[in-house]
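User: Please take a close look at one part of this structure, the strand pairing, and set it in the context of the rest of the chain.

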Amino acid sequence: MNTQLELIPTVKHIPQWLAEHFNNANTGNYRDKQLFYAEIKYPVLEKYAEKCGWDKQIIERKCHSCSGTGVYKHYNYEFGQRYLIGEEKCWNCSKGIYSKNTFYLKRYILNGVLYHIPQFNNPHEPIINTINGIISHREIAPENALKSFLVLSAVYNRQLLRDLAIMYTKKKYQTSFIQQLLSINPRYEDLPF
Ligand SMILES: [Zn+2]
């Protein structure tokens with residue numbers, strides 16, 4: 001038995017099977033993921049998750065002119081050979097960094113898992129962590145992530161599911177799965193997933 005887990009029980013903010021769909025929908029890449037961010041992720045986190053400060057994310061882009069060295073080299077080419085004829089400070093960047101963007105991410109804990117939502121205003125609380133670069137996610141099949149998004153829509157946003165049904169029926173996309181979801185009463189225990 002893992003005693004540490006016993007000492008700090010994970011709070012269940014939403015039913016665990018829905019939290020797993022939430023994690024899948026957040027992790028995978030699929031069409032209309034923007035709708036997940038706007039219509040599911042933000043409202044569900046705001047309503048059910050614990051809010052716990054901010055993280056700062058720094059994304060640096062390396063300069064291509066100087067290959068991130070900050071020094072631009074002039075070459076001369078003769079007889080198929082390359083000769084270095086001079087060096088100067090690169091004019092396109094600062095010390096090899098072409099651009100540096102800082103984002104503030106609001107932190108939420110949902111069923112023991114940390115989620116972020118970018119904020120465009122300045123944070124008011126202390127920064128918990130600084131993240132350098134892109135956050136990488138585990139791999140999940142796009143189709144499974146999309147199905148999780150649809151299940152979440154069935155539970156948390158029926159109007160969104162009805163809108164998706166219209167959009168996707170035209171494209172003959174996930175039609176039977178959406179029809180199955182629409183035919184079910186949205187009470188949690190009625191969903192067979
Ligand atoms: Zn440069």
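**The hairpin and its setting**

Analyst: In this predicted model, strand 2 (residues 71-78) pairs with strand 3 in the antiparallel sense, over 8 bridges. Within this pairing, His74 has Gly86 of strand 3 as its bridge partner. The two strands form a hairpin with 2 residues between them. Phe79 lies in that turn and has a positive phi of about 50°. Strand 3, which covers residues 81-89, is hardly covered by the rest of the model: among its 9 residues, the count of buried residues is 0.

The loop that precedes the hairpin also holds a residue with a positive phi. Ser67 is found between strand 1 (50-62) and strand 2; its phi is near 55°, although Ser67 is a residue other than glycine. Ser67 counts as partly exposed because it has 13 C-beta neighbours inside 10 Å, where 12 or fewer would make a residue exposed and 20 or more would make it buried.

Strand 1 itself belongs to an open sheet of 4 strands, whose order is 5-4-1-6 and whose pairing is mixed. Strand 5 (113-119) and strand 6 (127-132) are the edge strands, each pairing on one side only. From one strand to the next, the twist averages 30°. Strand 1 and strand 6 pair in the parallel sense over 5 bridges, and Trp54 has Ile127 in strand 6 as its bridge partner.

After strand 6 comes the loop that leads to helix 4, and Arg138 is found there. With 8 C-beta neighbours inside 10 Å, Arg138 counts as exposed. Arg138 and Thr27 are 111 residues apart in sequence, yet their C-alpha atoms are 6.9 Å apart in space. Thr27 is the last residue of helix 2 (16-27), and the loop between helix 2 and helix 3 contains Asp32. Asp32 is not a glycine, but its phi is positive, at about 65°. With 15 C-beta neighbours inside 10 Å, Asp32 counts as partly exposed.

The helices on either side of these loops contribute to the largest nonpolar core, which has 24 residues. Phe22, Ala25, Phe149, Leu150, Leu152 and Leu161 have the most contacts inside this core. At least two core residues come from each of helix 2, helix 3 (33-48), strand 4 (97-110), helix 4 (142-156), helix 5 (158-170) and helix 6 (175-182). Helix 4 gives the most, with 8 residues. Phe149 touches Ala25, Tyr30, Phe36 and Ile40, leaving aside residues up to four places away in sequence.

At the level of the whole protein chain, the secondary structure comes to 6 helices and 6 strands. The elements run α-α-α-β-β-β-β-β-β-α-α-α from the N terminus on. The chain is more spread out than a compact globule, because its radius of gyration is 24 Å, well over the 16 Å that the globule rule gives for 193 residues. Along its principal axes, the C-alpha trace spans about 75 × 50 × 40 Å. Of the 193 residues, 21% count as buried. Among contacts between residues at least 6 apart in sequence, 70% join residues at least 24 apart.

Notes. Residues numbered from 1 in each chain as written. Predicted model: local features only at pLDDT ≥ 70, side-chain atom pairs only at ≥ 80, totals over all residues. Core = buried A, V, L, I, M, F, W, Y, C linked by C-beta atoms within 7 Å. Contact = placed C-beta atoms within 7 Å. Pairing = 2+ DSSP bridges. Axes fitted to C-alpha atoms, helices over the stretch in contact; angles between N-to-C directions. Rg over C-alpha atoms; globule rule 2.2 N^0.38 Å.
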